[in-house]
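The following note goes through the structure point by point, as requested. Sheets are taken up together with the aromatic residues that belong to them, and backbone details follow.

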Amino acid sequence: MGSFVNEVCFFSCLFLLAMFRPGLLSGVTEGLEVPGRKHETDNVVDRSSGAPCGCKTVDNPLSALGTVLNSICSAVETNSNAAKAAESKMAAMEARVASIEKELEVKFEQCQTNLHVLLDHVTANFSSFEDSLRASKYQVGFTVRFSADPVTNVGANAIYQFNNVITNVGNGYNHQTGVFTAPVAGLYAFHLNIMGTNESPAVHLAIEKEGPEVIGHAWAEGSTDNYDQGSTTVVVSMQQGQQAWVRHQGGNTHIRGSNWSAFTGLLVQTQ
């Protein structure tokens with residue numbers, strides 16, 4: 001824009017010199033037409049000497065010059081306004097692009113955060129599913145009885161060793177010790193059923209969980225109530241490796257064997 005203004009000023013000066021001192025710019029201004037300039041065919045005569053002065057008359061030179069300058073200024077102003085408008089549009093476009101870039105950055109960060117949360121959630125669920133699937137493979141259950149009838153070889157406060165294994169899925173019950181060991185953590189149900197002998201006093205047994213903790217009692221009369229049976233059922237949580245058994249609690253130690261007394265346990269739900 002600065003070079004254009006300089007050119008305008010330069011040509012304006014040439015125009016003024018051509019109007020008022022044509023002799024100085026005869027070689028420069030040849031072939032240039034000045035708007036509004038009229039030439040006479042006769043030379044102008046010097047009033048003092050009466051001789052021709054070699055100059056030609058010009059009608060309204062200042063008016064013509066003003067018209068040209070106004071046109072030039074108008075063109076300069078128009079170009080300047082157009083340039084400013086273009087610069088303004090460019091600045092607006094740059095601001096919009098910067099705003100869009102910022103919005104994209106924020107959305108990208110949000111997407112990354114959401115993706116991490118989703119991945120963590122999927123990973124946790126997958127781990128839980130793996131644990132559930134692994135636990136679902138465990139089927140635990142047992143039912144044991146005595147091969148002898150009656151059972152008379154158990155001492156006071158001793159553990160009853162049910163030696164006739166009917167079911168032992170998961171191999172949690174040990175018939176040599178009479179102790180059940182949970183192969184997996186979970187919710188377990190236990191049931192104890194006993195029958196007293198008609199020749200002996202009442203018998204009191206209990207299911208115990210490692211701790212030790214009594215979790216269920218069973219009582220059966222003997223000679224005072226022939227063929228009397230007692231039972232108890234409990235549901236408890238057990239950790240993997242935790243044990244449970246049937247122990248004598250009081251009274252007579254003799255009970256009926258065979259199908260008359262039984263100890264049962266099963267896994268209800270894994271944890």
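**Notes on the predicted model**

1. F190 has a relative accessible area of 1% and is therefore buried, the cut-off being under 20%. The model under review is a predicted one. F190 forms a bridge with V234 of strand β8. The two strands concerned, β5 and β8, are antiparallel and share 10 bridges.

2. The sheet that contains β5 is open and has five strands, ordered β2-β1-β10-β5-β8, with antiparallel pairing. Its edges are formed by β2 (164-169) and β8 (229-238), each of which pairs on one side only. On average, neighbouring strands of this sheet are turned by 10° against each other, direction ignored. As general background, strands of a sheet pair through backbone hydrogen bonds, in either a parallel or an antiparallel manner.

3. Strand β10 (residues 258-270) is joined to β1 (residues 141-146) by six bridges, and the two run antiparallel. Within this pairing, V144 has F263 of β10 as its bridge partner. Strand β10 also pairs with β5 (residues 186-195), again in the antiparallel sense, over eight bridges. Here G186 stands opposite T270 of β10.

4. Y188 belongs to strand β5. Its relative accessibility is 0%, so Y188 counts as buried. Although 82 residues separate Y188 from T270 in sequence, their C-alpha atoms are 8.7 Å apart in space.

5. A second open sheet of five strands follows the order β3-β4-β9-β6-β7, and its pairing is antiparallel. Strands β3 (173-174) and β7 (213-220) are at the edges with a single partner strand each, so one side of each has no neighbour in the sheet. Strand β4 is connected to β9 (residues 243-251) by two bridges, and the two run antiparallel. In this pairing, F180 has A244 of β9 as its bridge partner.

6. Which aromatic residues are linked into a cluster by ring pairs? The members are F142, F146, Y160, F162, Y173, F180, Y188, F190 and F263. The structure as a whole holds 11 aromatic pairs. One of them is formed by F142 and F180, whose rings are stacked at 5.0 Å centre to centre with 25° between the planes. This pair links distant parts of the chain, since F142 is in strand β1 and F180 in strand β4 (residues 179-181), 38 residues apart. Both F142 and F180 are buried.

7. F180 also forms an aromatic pair with F190, which is edge-to-face, with 5.8 Å between the centres and 70° between the planes. Because F180 lies in strand β4 and F190 in strand β5, the pair ties together parts that are 10 residues apart in sequence. The relative accessibility of F180 is 1%, so F180 counts as buried.

8. Two cis peptide bonds deserve attention when the backbone is inspected. One joins D149 and P150, with omega about 0°, and P150 is found in the loop between β1 and β2. Another runs from G211 to P212, with omega near -10°; P212 lies in the loop between β6 (203-209) and β7.

9. Where are N171 and Y227, which have a positive phi although neither is a glycine? N171, with phi of about 55°, lies in the loop between β2 and β3. Its relative accessibility is 65%, so N171 counts as exposed, the cut-off being over 50%. Y227, with phi of about 60°, lies in the loop between β7 and β8. At 55% relative accessibility, Y227 is likewise counted as exposed.

10. Outside the strands, a nonpolar surface patch of about 360 Å² is made by L115, L118, L119 and V122. Of these residues, L119 is placed in helix α2 (residues 61-136). With a relative accessible area of 46%, L119 is partly exposed, because this value falls between the limits of 20% for buried and 50% for exposed.

Terms used. Residues are numbered from 1 along each chain as its sequence is written. This is a predicted model: local features need pLDDT of at least 70, side-chain atom pairs count only at pLDDT 80 or more; totals for chains, interfaces and linings use all residues. Side-chain values use heavy atoms; hydrogens and water are left out. Patches are made of residues with over 30% relative accessible area and no salt bridge: like charges are joined within 9 Å, nonpolar side chains (Val, Leu, Ile, Met, Phe, Trp, Tyr) within 5 Å. Accessible areas come from the Shrake-Rupley method with a 1.4 Å probe; for residues, only the protein chains shown count as cover. A salt bridge is a side-chain nitrogen of Lys or Arg within 4 Å of a carboxyl oxygen of Asp or Glu. Helices (H or I, at least four residues) and strands (E, at least two) are DSSP runs, numbered from the N terminus. Buried means under 20% relative accessible area, exposed over 50%, partly exposed in between (1.4 Å probe, protein chains only). Two strands pair if DSSP finds at least two bridges between them. Axes are lines fitted to C-alpha atoms, for helices over the stretch in contact, and angles run from 0 to 180 degrees between N-to-C directions. Rings of Phe, Tyr and Trp (its six-membered ring) pair if their centres lie within 6.5 Å; planes under 30 degrees apart count as stacked, over 60 as edge-to-face and the rest as tilted.
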